[in-house]
Amino acid sequence: MSRILTWVRAHLVVLAGILALAYLILPNLVVLAFSFNKPTGKFNYEWSQFSTDAWTDPCGVADMCGSLSLSLQIALLATLGATVLGTMVAFALARYRFRGRSATTALIFLPMAMPEVVMAASLGTLFLNMRIQFGFLTILIAHIMFCLSFVVTAVKARVMSMDPRLEQAAQDLYATPTQTFLRVTLPLAAPGIAAGALLSFALSFDDFIITQFNSGPTTVTFPMFVWGASQRGIPVQVNVIGTAMFIAAVVLTVGGQWIGNRRKARA
Amino acid sequence: MTAVAEPAVVPLQEPKRRRKLTPYWLLLPGIAWLVIFFAVPMVYQASTSLQTGSLEQGFKLTWHLATYWDALVEYKWHFVRSFSYAAIATVLCLAIGYPLAYTIAFKASKRWRNVILILVIAPFFTSFLIRTLAWKTILSDGGPVVGALNTLHILNVTDALGLTSGQRVLATPLAVVCGLTYNFLPFMILPLYTSLERIDPRLHEAAGDLYARPFTVFRKVTFPISLPGVVAGTLLTFIPASGDYINAQLLGSPSEQMVGNGIQKQFLNVLAYPTAAALSFILMALILGMVTVYMRKAGTEELV
């Protein structure tokens, strides 16, 4: 007994860390377990019976898969837009000294430091007063806006840590500026760009607050669908999608790391 | 010694004027996007908060400052709840997140480090609405959590503190704080980990060589060096948590609502845009004030 106590005392921090990790994972396990539930009422909060119905018929709920595909489209386009615009800004900030640099940095930082609901309400008010129809386009505009800052931060960190001598070496070897950029600069910056893109995809796909203020009544993204369903009764299929997303995220990050490690090993 | 001819410097320079303009061309689309869809709406929001009118008749700028006062009076408890829930959640995040960040940085082997980091980040990529709803199951009235808290008599303590009422956790402040803590925990762990990871383990050895006990090493060496991470983490948790309305909506009852719920209701249901704008600005001003005071106290203003 006392031996156990000594061990616990020696590993107190690690134990607390493991508990914290369990706390983070617990809801995901609940989502997984309840994707195999066959609820008795409208709400899928209490366990009643094991069933694989939801997994064999994931799109059996009206409108859910439509909202899922809408979310995917928006997330892909928002990622594309934010990554292109953000990478350009990041290069300007990391590579050049120019007037208005600190103002630019502040403008990039602000959207990340502001409660989402404030941004959501102001952009919504603007669209409303400009009489712009809420829908796909307004959601996309809003998503590119808030993803931009995250891309800039990720790419800028990477570009700042790149050794400028590599590009000088390429130029010494008579590479044209275009060749230098495509063959040296871009591959070196790629991990930062990929991280920024992945982050904006996740942020856009999962965003609820900004979407709710800028979507209008007919354009329903997946988080909007879940929100609506949480009041009417949540179909089990929502848990299937949640579990699939978790698995996809883990596979994607593990795969990304694996590729990164192999590259490093080869280099 | 043979004289090596210096390779002729290839004139890579473009005309000087064009090179000077390059950063501006790179910035233009991104910054224009942020100005039009972030900065302009903020200014517009400021003017909206001083307007009166209705959607049918149109809004006019009448410098109606009373909107601010009315909003503040109507939603004063929402503000109090927002900031106290966010503050408690931030403290809990620090208490839960620090050991985990410490474990990843110092105790885990390289392979485990990556596994744990993935498990911390993966929830970011899964729908957080679905995970928040999962807390409804976890905290349900007949569930194991409520049962355990009851057996340990913790619910009596939280009752006395006004965090729960009776034998329930759902639809009480505790449930909302629990959801906030859970949802913003990764925002605390990642900056903590980044600042802890930079610490040279030899500093720990040196402190040990100087007969410092483990806790003293932590108090005098590790924690002070990790302070920038603590400051960044608390800000990244507190700011979004105080504006959140999802946890209060899904896990609380009408008596746990926060300012975010007020803004959402005024904007989407009541269509009182000036009130929603005024509420946003009060929220922003209060957060800005608190953050300034906090950064002064913490003394790390150049961290971002």
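Here is a chat about a predicted model with chains A and B.

Colleague: Let's start with where the chains meet. How many residues does each one bring to the contact?

Modeller: Chain A puts in 78 residues, and chain B puts in 78 residues. Keep in mind that this is a predicted model.

Colleague: And what area is buried between chain A and chain B?
Modeller: About 7,300 Å², with carbon and sulfur atoms giving 81% of that. On the chain A side, Tyr23(A), Leu24(A) and Tyr45(A) supply 10% of the area chain A buries against chain B, more than any other three residues.

Colleague: How many salt bridges are there between chain A and chain B?
Modeller: The count is 0.

Colleague: Okay, switching to chain B. Which parts does UniProt mark as "transmembrane region"?
Modeller: The unreviewed UniProt entry lists residues 24-44, 83-102, 114-134, 170-193, 221-241 and 271-295 of chain B.

Colleague: What does the model show for residues 24-44 of chain B, helix or strand?
Modeller: That span is 100% helix and 0% strand, and its end C-alpha atoms lie 26 Å apart. For residues 271-295 of chain B, the chain is 92% helix and 0% strand, with end C-alpha atoms 36 Å apart.

Colleague: Which residues form the nonpolar patch on the surface?
Modeller: Leu21(B), Tyr24(B), Trp25(B) and Leu28(B), which together have about 430 Å² of accessible area. Leu21(B) sits in helix H1 of chain B, residues 16-48.

Colleague: Why does Leu21(B) count as partly exposed?
Modeller: Because its relative accessible area is 39%, and partly exposed covers values between the 20% and 50% cut-offs.

Colleague: Now Thr172(B). Where is that one?
Modeller: Thr172(B) is in the loop between helix H7 (154-161) and helix H8 (173-197) of chain B. Thr172(B) counts as buried because its relative accessibility is 2%, and the cut-off for buried is under 20%.

Colleague: What is Thr172(B) in contact with?
Modeller: Leaving out neighbours within four places in sequence, Thr172(B) contacts Leu163(B), Thr164(B), Ser165(B), Leu251(B) and Glu256(B).

Colleague: Back to chain A. Which residues does UniProt list for "domain: ABC transmembrane type-1"?
Modeller: Residues 68-256 of chain A, again from an unreviewed entry. Over that stretch of chain A the model is 80% helix and 0% strand, and the end C-alpha atoms are 24 Å apart.

Colleague: And Ser71(A), buried or exposed?
Modeller: Buried, with a relative accessible area of 3%. Ser71(A) lies in helix H4 of chain A, residues 64-95. Not counting residues up to four places away in sequence, Ser71(A) touches Phe205(A), Thr221(A), Phe222(A) and Pro223(A).

Terms used. Residues are numbered from 1 along each chain as its sequence is written. Chains are lettered from A and ligands numbered from 1 in the order in which they are written. This is a predicted model: local features need pLDDT of at least 70, side-chain atom pairs count only at pLDDT 80 or more; totals for chains, interfaces and linings use all residues. Side-chain values use heavy atoms; hydrogens and water are left out. UniProt positions are given in the numbering used here, feature names are shortened, and annotations may be inferred rather than shown by experiment. Helices (H or I, at least four residues) and strands (E, at least two) are DSSP runs, numbered from the N terminus. Patches are made of residues with over 30% relative accessible area and no salt bridge: like charges are joined within 9 Å, nonpolar side chains (Val, Leu, Ile, Met, Phe, Trp, Tyr) within 5 Å. Accessible areas come from the Shrake-Rupley method with a 1.4 Å probe; for residues, only the protein chains shown count as cover. A salt bridge is a side-chain nitrogen of Lys or Arg within 4 Å of a carboxyl oxygen of Asp or Glu. Buried means under 20% relative accessible area, exposed over 50%, partly exposed in between (1.4 Å probe, protein chains only). Contact means heavy atoms within 4.5 Å. Buried area is the accessible area (1.4 Å probe) that two parts lose on being put together, summed over both.
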